[in-house]
Amino acid sequence: RTELEYEDLKKLVFLEQCIKETIRLYAVSETTKREALVGITVDGLYLPKSTILIVAQTLIQREPKYWGPDAEKFNPDNFGSDKTIKPFTYMPFLAGPRACIGKYFAMMEMKIMLSKVLLNFELHNPNQCGPERVPCKSDMTQKPLEGVPVIIKPR
(Lines give C-alpha, C1' and ligand atoms only; values in the text may rest on other atoms or scores of the structure.)
Protein backbone atom coordinates (compact mmCIF):
# COMPACT_ATOMS: atom_id res chain seq x y z
CA ARG A 1 0.00 0.00 0.00
CA THR A 2 1.38 3.41 -0.91
CA GLU A 3 -1.24 5.69 0.65
CA LEU A 4 -1.36 6.63 4.32
CA GLU A 5 -4.54 6.04 6.30
CA TYR A 6 -5.48 7.95 9.44
CA GLU A 7 -4.72 4.84 11.56
CA ASP A 8 -1.19 4.77 10.13
CA LEU A 9 -0.42 8.21 11.58
CA LYS A 10 -0.86 6.88 15.11
CA LYS A 11 1.85 4.30 14.42
CA LEU A 12 4.47 6.89 13.39
CA VAL A 13 5.61 7.31 16.99
CA PHE A 14 9.32 7.92 16.34
CA LEU A 15 8.55 10.38 13.54
CA GLU A 16 6.32 12.32 15.95
CA GLN A 17 9.10 12.29 18.56
CA CYS A 18 11.50 13.71 15.95
CA ILE A 19 9.03 16.44 14.97
CA LYS A 20 8.42 17.39 18.60
CA GLU A 21 12.13 17.50 19.33
CA THR A 22 12.75 19.65 16.26
CA ILE A 23 10.10 22.19 17.24
CA ARG A 24 11.34 22.09 20.83
CA LEU A 25 14.75 23.24 19.63
CA TYR A 26 13.48 25.45 16.80
CA ALA A 27 10.13 26.83 17.87
CA VAL A 28 8.33 28.71 15.12
CA SER A 29 7.80 31.64 17.47
CA GLU A 30 10.48 32.56 20.00
CA THR A 31 8.25 34.51 22.38
CA THR A 32 4.68 35.35 23.18
CA LYS A 33 3.05 38.06 25.29
CA ARG A 34 0.54 37.62 28.08
CA GLU A 35 -1.14 40.05 30.44
CA ALA A 36 -1.38 39.32 34.17
CA LEU A 37 -5.09 39.14 34.99
CA VAL A 38 -4.40 39.52 38.70
CA GLY A 39 -1.47 40.67 40.80
CA ILE A 40 0.86 37.74 41.48
CA THR A 41 4.25 37.07 43.05
CA VAL A 42 6.64 34.91 41.01
CA ASP A 43 9.98 33.91 42.55
CA GLY A 44 9.73 36.79 45.02
CA LEU A 45 8.91 39.41 42.36
CA TYR A 46 5.48 41.03 42.56
CA LEU A 47 3.78 41.54 39.20
CA PRO A 48 0.77 43.88 39.40
CA LYS A 49 -2.45 43.24 37.49
CA SER A 50 -2.18 44.26 33.80
CA THR A 51 1.60 43.67 33.69
CA ILE A 52 2.61 42.56 30.20
CA LEU A 53 4.75 39.43 30.39
CA ILE A 54 7.03 38.18 27.63
CA VAL A 55 7.23 34.39 27.66
CA ALA A 56 10.37 33.14 25.89
CA GLN A 57 9.39 29.61 24.97
CA THR A 58 12.63 29.16 23.02
CA LEU A 59 14.60 29.61 26.25
CA ILE A 60 12.23 27.49 28.33
CA GLN A 61 12.41 24.67 25.77
CA ARG A 62 16.23 24.66 25.99
CA GLU A 63 16.46 25.01 29.77
CA PRO A 64 18.67 22.26 31.30
CA LYS A 65 16.58 22.42 34.50
CA TYR A 66 13.69 20.88 32.50
CA TRP A 67 15.46 19.05 29.68
CA GLY A 68 18.65 17.83 31.36
CA PRO A 69 22.32 18.72 30.84
CA ASP A 70 22.12 17.98 27.10
CA ALA A 71 19.14 20.29 26.52
CA GLU A 72 20.80 21.82 23.45
CA LYS A 73 21.21 18.44 21.72
CA PHE A 74 18.67 16.85 19.41
CA ASN A 75 17.24 13.88 21.29
CA PRO A 76 13.87 12.45 20.16
CA ASP A 77 13.87 10.29 23.30
CA ASN A 78 12.89 13.45 25.20
CA PHE A 79 9.41 12.56 23.95
CA GLY A 80 9.55 8.81 24.55
CA SER A 81 6.60 7.08 26.19
CA ASP A 82 8.64 6.74 29.39
CA LYS A 83 9.07 10.55 29.71
CA THR A 84 6.86 13.05 31.45
CA ILE A 85 7.03 16.62 30.19
CA LYS A 86 6.49 19.19 32.90
CA PRO A 87 3.56 21.49 32.00
CA PHE A 88 4.51 24.74 30.25
CA THR A 89 8.08 23.59 29.48
CA TYR A 90 7.16 22.50 25.94
CA MET A 91 4.86 24.90 24.16
CA PRO A 92 5.57 25.35 20.47
CA PHE A 93 1.81 25.78 20.02
CA LEU A 94 1.57 27.65 23.32
CA ALA A 95 -0.41 26.19 26.20
CA GLY A 96 -3.46 26.71 28.34
CA PRO A 97 -6.65 28.41 27.17
CA ARG A 98 -4.83 30.32 24.40
CA ALA A 99 -3.11 27.28 22.89
CA CYS A 100 -3.30 26.89 19.13
CA ILE A 101 -6.55 25.15 18.21
CA GLY A 102 -4.87 23.68 15.14
CA LYS A 103 -1.97 21.96 16.91
CA TYR A 104 -3.28 18.41 16.34
CA PHE A 105 -4.03 19.18 12.70
CA ALA A 106 -0.55 20.70 12.29
CA MET A 107 1.10 17.60 13.80
CA MET A 108 -0.94 15.34 11.53
CA GLU A 109 -0.01 17.48 8.51
CA MET A 110 3.70 17.36 9.40
CA LYS A 111 3.60 13.57 9.83
CA ILE A 112 1.87 13.11 6.46
CA MET A 113 4.24 15.43 4.62
CA LEU A 114 7.42 14.05 6.18
CA SER A 115 6.41 10.41 5.76
CA LYS A 116 5.64 11.04 2.07
CA VAL A 117 9.00 12.77 1.58
CA LEU A 118 10.92 10.07 3.45
CA LEU A 119 9.17 7.27 1.56
CA ASN A 120 10.11 8.75 -1.79
CA PHE A 121 13.45 10.46 -1.20
CA GLU A 122 16.75 10.08 0.62
CA LEU A 123 17.86 13.21 2.45
CA HIS A 124 21.57 13.86 2.95
CA ASN A 125 23.57 16.53 4.71
CA PRO A 126 25.99 17.95 2.10
CA ASN A 127 28.30 19.38 4.75
CA GLN A 128 28.71 16.10 6.64
CA CYS A 129 28.47 18.13 9.82
CA GLY A 130 26.94 17.17 13.12
CA PRO A 131 23.75 18.45 14.66
CA GLU A 132 25.05 21.90 15.59
CA ARG A 133 22.58 24.61 16.38
CA VAL A 134 21.33 26.21 13.16
CA PRO A 135 21.73 30.00 13.34
CA CYS A 136 18.30 31.62 13.10
CA LYS A 137 16.80 35.04 12.61
CA SER A 138 13.49 36.12 14.01
CA ASP A 139 10.85 38.30 12.42
CA MET A 140 7.34 37.22 13.33
CA THR A 141 8.60 33.66 13.14
CA GLN A 142 12.00 32.04 13.55
CA LYS A 143 13.82 31.15 10.31
CA PRO A 144 17.24 29.70 9.46
CA LEU A 145 19.67 32.56 8.88
CA GLU A 146 21.26 31.02 5.78
CA GLY A 147 18.86 28.22 4.96
CA VAL A 148 19.45 24.54 5.65
CA PRO A 149 21.36 22.78 2.86
CA VAL A 150 20.16 19.30 1.99
CA ILE A 151 20.75 16.87 -0.86
CA ILE A 152 17.57 15.12 -2.03
CA LYS A 153 17.80 11.88 -4.03
CA PRO A 154 14.84 9.86 -5.34
CA ARG A 155 14.55 6.36 -3.85
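So, helix 2 gives the largest share of the lining of the largest pocket, six residues. Keep in mind that this is a predicted model. The pocket itself holds about 1,700 Å³ of space. Of the 41 residues that line it, Thr22, Tyr26, Phe74, Val134 and Val148 sit closest to the centre. Besides helix 2, which runs 13-25, you get at least two lining residues from each of helix 5 (103-120), strand 5 (121-124) and strand 7 (142-144). If you sort that lining by class, you find 26 nonpolar, nine polar and six charged residues.

Okay, the second largest pocket. That one has about 880 Å³ of space. Its lining is made of 25 residues, and the ones closest to the centre are Arg34, Glu35, Leu53, Val55 and Phe88. Here strands do the job: strand 1 (32-35), strand 2 (40-42) and strand 4 (52-55) are the elements that give two or more residues to this lining. By class, we have 18 nonpolar, three polar and four charged residues there.

Back to helix 2 for a moment. With 13 residues, helix 2 reaches 19 Å from first C-alpha to last, close to the 18 Å expected at 1.5 Å a residue. Its buried residues are Leu15, Gln17, Cys18, Ile19, Glu21, Ile23, Arg24 and Leu25. And what covers them? Helix 4 (64-67) and helix 5 are included in that cover.

That brings us to helix 5. Its 18 residues should span 26 Å at 1.5 Å a residue, and the end C-alpha atoms are indeed 26 Å apart, so the two agree. Which residues of helix 5 are buried? They are Ala106, Met107, Lys111 and Ser115. Those residues cover an arc of only 155° around the axis, so they end up on the same side of helix 5. As background, an α-helix has 3.6 residues a turn, so residues three or four places apart point the same way. The cover over the buried residues of helix 5 includes helix 1 (6-11) and helix 2.

Let me stay with one of those, lysine 111, which is found in helix 5. Is lysine 111 buried or exposed? It has a relative accessible area of 6%, and the cut-off for buried is under 20%, so lysine 111 counts as buried. Which residues does lysine 111 touch, leaving aside neighbours within four places in sequence? The contacts are Leu9, Lys10, Leu12, Leu15, Glu16 and Ile19. Leu15 and Ile19 also appear among the buried residues of helix 2. In case you're wondering about another lysine, lysine 153 is 42 residues from lysine 111 in sequence and 20 Å away in space, C-alpha to C-alpha.

Last topic: backbone angles. Most residues other than glycine have a negative phi. Aspartate 43 has a positive phi, about 50°, although it is not a glycine. You'll find aspartate 43 in the loop between strand 2 and strand 3 (45-47), and with a relative accessible area of 82% aspartate 43 is exposed. Serine 50 isn't a glycine either, and its phi is positive at about 80°. Serine 50 lies in the loop between strand 3 and strand 4. Its relative accessibility is 40%, so serine 50 counts as partly exposed.

How values were computed:
Residues are numbered from 1 along each chain as its sequence is written. This is a predicted model: local features need pLDDT of at least 70, side-chain atom pairs count only at pLDDT 80 or more; totals for chains, interfaces and linings use all residues. Side-chain values use heavy atoms; hydrogens and water are left out. On a 1 Å grid over the protein atoms alone, a cavity is a set of points where a 1.4 Å probe fits but cannot get out, and a pocket is an open set with protein on both sides within 12 Å along at least five of seven lines; lining residues have an atom within 4 Å of a point. Grid points are joined across faces, edges and corners, and a volume is the space filled by probe spheres set on the points. Helices (H or I, at least four residues) and strands (E, at least two) are DSSP runs, numbered from the N terminus. Ala, Val, Leu, Ile, Met, Phe, Trp, Tyr, Cys and Pro count as nonpolar, Asp, Glu, Lys and Arg as charged, and the others, Gly among them, as polar. The expected span of a helix is 1.5 Å times one less than its number of residues. Buried means under 20% relative accessible area, exposed over 50%, partly exposed in between (1.4 Å probe, protein chains only). The arc is that of the directions from the helix axis to the C-beta atoms. Contact means heavy atoms within 4.5 Å.
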